[in-house]
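Here are my notes on this one, written as numbered points. Have the viewer open while you read.

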Amino acid sequence: MQTEATETLETTAATTTWNRNHPYPATVTENRLLTGPASEKETRHIEIDLADSGIQYLPGDSAGILPQNTCQAVEEVLRRLQFTGDEPVTDFYGKPTSLREALTSWLMIGKLSSSTLRQWATITAHPDLTALVQPGNKDKLDAYLWGREFLDLLDHAPAKLDTAQLLFKLLPRLAPRLYSISSSQALHPDAIHLSVRVVKYESFGRSRWGVCSGQIGERTPPGGTLPIFIHSNQLFRLPPDPAVPVIMIGPGTGIAPFRAFLEHKQAGVGQWPMWLFFGDQRASQDFLYEDELIRATKNGLLQRLDTAFSRDQAFKIYVQDRIRENSAELWRWLDQGAYFYVCGDSKRMAPDVEAALLQAVAEHSGKGPEYAQEFLAGMKKQKRYLRDVY
Ligand SMILES: Cc1cc2nc3c(=O)[nH]c(=O)nc-3n(C[C@H](O)[C@H](O)[C@H](O)COP(=O)(O)OP(=O)(O)OC[C@H]3O[C@@H](n4cnc5c(N)ncnc54)[C@H](O)[C@@H]3O)c2cc1C
């Protein structure tokens, strides 16, 4: 069954004219720290004004943001390559621009790709690089690339290029980054909320920021603008029947789409019984949206909230451990047709959660591991095992 509110939003969601080649310059209205001062992470709540853009979105969608490289990084690349920045070049669409603008908005210099390294090895014939690109050296090559930028390569093996245009062959295109939307438009008609972890690290003697998360979190205070577009995700929607229960596994920034789900319910779009598993390092520092989630539990919006804070005790506890502890109840929800959503880390969390899910089904259905695999395959077919992992 579909409610009127979902129908209205669904039919209008795709009508916007803004896209990755023509993003909307949205004004940031709020940029607030979600993590505590002693956290090892910096995660921020961002609010963006949609004004008269006509942009429409649904819970489960992401916002695409087109980042720009910092002036400082661009000037350092120009200096090392002995260009002024005023050299005329043509962009990927054949449109004339300056090298400075190209390095700011079109070319990826904040992360070193293997293709750049391979081409630079040929251009410079530097023995270290030549050795790295030999067949069978993939592990060493990957280790070299990790944490390095184009600038580091220029420091290691300096060289000049014959023409500025060559950089368009050498460097990959600066791609937009996606961020799960953490608000419901049913509650905030003119806004998009995001939950962004600012990527920050030290490597090879330099402090670094992720190109896009650094731009959103550190370089765009309220009043600043971000070029955005909607990346629709039809495969991560709330159940069309608003009475079907949902189980949401969203540690870290994986919480974002589930905050949107909760807001959608709060706006009265559906009754979905909701069970959320949230996790991070420490409750005192990393419990994102703690007040909102506790309130949602008290006022009956959220039927269950289970948290796992890995560093709050001598041994690590993760969301998958909480799933195991609650596996009998989890099976009861699944057996009633609950949808199972996972958002966040794709490398470790998502496979571990799947293993815990399979174990719960195998044990509590009483039919063993083979049946659990069949049950999961059935859930995938019915589109009620949904993942948005990155
Ligand atoms: C569908 C989807 C939804 C997403 N939703 C969210 C969300 O809601 N919130 C969110 O915060 N993110 C989300 N992301 C991730 C987001 O899109 C970006 O990938 C993330 O913000 C990093 O982009 P960046 O430009 O800041 O970093 P980049 O400039 O791309 O830098 C990241 C790179 O830095 C290097 N690096 C990172 N850490 C280290 C280290 N410690 N040592 C050495 N090198 C390192 C690595 O090469 C890494 O690939 C989502 C991604 C997808 C695909």
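**Notes on the core and the ligand site**

1. Let's begin with W120, which, setting aside neighbours within four places in sequence, is in contact with L81, A125, L129, L153, L154, A157, A159, L161 and L170. Bear in mind that this is a predicted model.

2. W120 also turns up when you look at the largest nonpolar core, which has 34 residues. Along with L81, L103, L129, F150 and L167, W120 is among the residues there that touch the most other members. As a general backdrop, nonpolar side chains in soluble globular proteins tend to be buried together.

3. Which helices supply at least two residues each to this core? The list runs helix 2 (71–81), helix 3 (99–105), helix 4 (114–124), helix 5 (127–132), helix 6 (138–145), helix 7 (150–156) and helix 8. Helix 2 gives the most, with five residues.

4. There is also a second, separate core, made of 29 residues. Among its members are W275, A356, L376 and Y385.

5. Back to one of W120's partners, L170. L170 sits in helix 8 (residues 167–170). Is L170 buried or exposed? Its relative accessibility is 2%, and the cut-off for buried is under 20%, so L170 counts as buried.

6. Not counting residues up to four places away in sequence, L170 touches T116, Q119, W120, I123, F150 and L161. If you want a sequence-distant pair to look at, take L170 and L107: they are 63 residues apart in sequence, with their C-alpha atoms 9.3 Å apart in space.

7. Now the ligand. Which of the 20 residues around the ligand come nearest? Those are R177, L178, Y179, V211 and S213. By class, the shell divides into ten nonpolar, six polar and four charged residues.

8. For polar contacts, check the ligand oxygens. One ligand oxygen atom is 2.6 Å from a polar backbone atom of L178, and a ligand oxygen is 2.8 Å from a polar backbone atom of R197. At Y201 the partner is in the side chain: an N or O atom there is 3.3 Å from an oxygen atom of the ligand.

9. How much of the ligand does the protein bury? Taken alone the ligand exposes 1000 Å², and the protein buries 78% of that. The elements giving two or more residues to the shell are strand 6 (177–180), strand 7 (191–197) and helix 9 (211–217). Strand 6 gives the most, with four residues.

Key. Residues are numbered from 1 along each chain as its sequence is written. This is a predicted model: local features need pLDDT of at least 70, side-chain atom pairs count only at pLDDT 80 or more; totals for chains, interfaces and linings use all residues. Side-chain values use heavy atoms; hydrogens and water are left out. Buried means under 20% relative accessible area, exposed over 50%, partly exposed in between (1.4 Å probe, protein chains only). Contact means heavy atoms within 4.5 Å. A residue is near a molecule or strand if one of its heavy atoms lies within 4 Å of it. A polar contact is a pair of N or O atoms within 3.5 Å; within protein, one must be able to donate a hydrogen and the other to accept it, and residues adjacent in sequence count only if both atoms are side-chain atoms. Accessible areas come from the Shrake-Rupley method with a 1.4 Å probe; for residues, only the protein chains shown count as cover. Ala, Val, Leu, Ile, Met, Phe, Trp, Tyr, Cys and Pro count as nonpolar, Asp, Glu, Lys and Arg as charged, and the others, Gly among them, as polar. A nonpolar core is a set of buried Ala, Val, Leu, Ile, Met, Phe, Trp, Tyr and Cys residues joined through side-chain atoms within 4.5 Å.
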